[in-house]
Amino acid sequence: MSSNNAPKDQLIATAIAAAAAGAAVAYAAIRSQDAAKSKSQSIGTTYAKTKGGLSPFPVKTSAIFDDGVDPRAKGDILFPHNHEEKMRRRIAQRVSVEEENKRRRQSVTVRVPATSANVGPGYDCIGMAVDLWSDITVTRSDKFGITADGEGAVEMPKDDTNLMCIGLKAAFDAANKPVPILKYHVISRIPYARGLGSSSAAIAGGIIAGLVLAGHKLPCWGSEALLQIASTIEGHPDNVAPAIYGGIQIGIHNGTRWVTERAPHPSGMQAVLFIPEFVGKTSDARNVLQPTVTREEAAFNIGRVAFLVHSLCTGNLDNLKYGVEDKMHQPQRGSKLYNYLYPMIEAAQNAGACCAYLSGAGPTVMALTSGASGDIFTQREKERTDNEVATAMLEVADMYDVKGKLLVTQPVHEGARVISVDPPFSSEIITYRDNI
């Protein structure tokens, strides 16, 4: 062989060696994955019995606690979006779990926000937490009782049909413990049966109080077990999701469980609410709806929901007035129950509101405005539009002889939380917020 061919031969030999090395690495990786898969299947996996033996497919033993492993997250590679798989691995690697906070408690107070459901076209799936709170205190006692102060204190059920009690019982059921004798006290700042999520606040507050009293905790990542319990009681996630997590939540059922994701709300946004004196029953508000919708109505709402979410994500508040338009429930409820609805929406938007819509099943009308910065009482009023919008809404209420009150508040990022507990969670080593 001539010396002129030496570099060429050397190159061919290098290529052959590299290919052989690559094949060896690939074979080793496949064997390693097979071994890991075999090991994981031998631990804690249940298989269904078939006529031919065991099915090759694992069977979930709980829809709440196991939603399956993301197939894109198998092996050693985890992508940025594999949050739930990261959490599974983190939990699996923990050697011990702090037991102190699993003690049963004697008393607990839970603070829960009001919520505004639907936000126009997002029927039964979109909701927003509002900076308006109720406090629910539950204490172990030798006699059952419910007392209440504030909004809806008279109308509120005082027996175990109260949704607080139903939520609390669901928490004790999840803990597999009997419900003890308890007394409840509510300081209610959420108007009762006005379309501001008073029912969902009772459900979420009851569940959280029950979990704390029972000393029981639920998984969140990959299961959102608390959301499953609350949505099952309520029937849909539009109010309970923001009551639990805060912010603007978009909730669906994925065929296995309820899931929810947060949509952003731009800074400086305020909520201007006209709250009528009369009670709006959700059952009445649902009875006026047709059992079917046309293709045109469905297409209309799909487009508006997309515009709504896009407006929130981009901060383009000018498009919110289109994003909250709806044909599935607002026209029917406006024509048959709330004749002031569309005139009030128009007046609010003409006065400078970004948008206005029927809050939940009504009768409250909510307008969203922009321009707030810091504490609004230190800001020049002409930089905002909340006063003009409030005045315009009240003028329409007077025109239609609807008695009510006007409230200016804001969307809130935070959901329900424990604000007091006995014995406390805080210790000499760790102090939690508000020293609870």
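# A guided tour of a predicted protein chain

Start with the whole chain: among its contacts (heavy atoms within 4.5 Å) with a separation of 6 or more, 70% are between residues 24 or more positions apart. This is a predicted model, in which local features need pLDDT of at least 70 and side-chain atom pairs count only at pLDDT 80 or more, while totals for chains, interfaces and linings use all residues. Residues are numbered from 1 along each chain as its sequence is written, and side-chain values use heavy atoms, leaving out hydrogens and water.

Colour the chain by secondary structure and you have 12 helices and 13 strands. These are DSSP runs numbered from the N terminus: helices are H or I with at least four residues, strands are E with at least two. Of the 436 residues, 44% count as buried. Buried means under 20% relative accessible area, exposed means over 50%, and partly exposed is in between (1.4 Å probe, protein chains only). Now show the surface: about 23,400 Å² is accessible, by the Shrake-Rupley method with a 1.4 Å probe. Carbon and sulfur atoms own 56% of that surface.

**Stop 1: helix α3**

Select residues 163–174. This helix, α3, has 12 residues and spans 16 Å from first C-alpha to last, close to the 16 Å expected at 1.5 Å a residue. (The expected span is 1.5 Å times one less than the number of residues.) Which residues of α3 are buried? They are M164, C165, G167, L168, A170, A171 and F172. To see what they pack against, add strands β4 (126–140), β5 (145–150) and β6 (182–188), plus helices α4 (198–214) and α5 (225–234).

Next, pick K169 and D173, which both lie in α3, 4 residues apart, about one turn of the helix. An α-helix has 3.6 residues a turn, so residues three or four places apart point the same way. K169 and D173 form a salt bridge, with their closest N and O atoms 3.0 Å apart. A salt bridge here is a side-chain nitrogen of Lys or Arg within 4 Å of a carboxyl oxygen of Asp or Glu. K169 is partly exposed at 44% relative accessibility, and D173 is partly exposed at 45%.

**Stop 2: a link between distant parts**

The structure holds 14 salt bridges. For another one, select K405 and E151, whose closest N and O atoms are 2.7 Å apart. Where do the two partners lie? K405 is in strand β12 and E151 is in the loop between β5 and α3, 254 residues apart.

**Stop 3: helix α12**

Move to residues 386–399. Helix α12 has 14 residues and reaches 20 Å, close to the 20 Å expected. Colour D386, V389, A390, A392, M393, V396 and A397, which are buried. These residues are on the same side of α12, because they cover an arc of only 165° around the axis, taken from the directions from the axis to the C-beta atoms. On the other side, D398 and M399 are exposed. The buried residues pack against β9 (270–276), α11 (341–350), β11 (365–369) and β12 (404–409).

**Stop 4: the segment after β13**

Finish by selecting D434 and R417, a salt bridge with closest N and O atoms 2.9 Å apart. D434 lies in the segment after β13 and R417 in strand β13, so the pair ties together parts that are 17 residues apart in sequence. R417 is buried, at 18% relative accessible area. Add E414 and R433 to see a network of salt bridges linking E414, R417, R433 and D434.

Notes. The expected span of a helix is 1.5 Å times one less than its number of residues.
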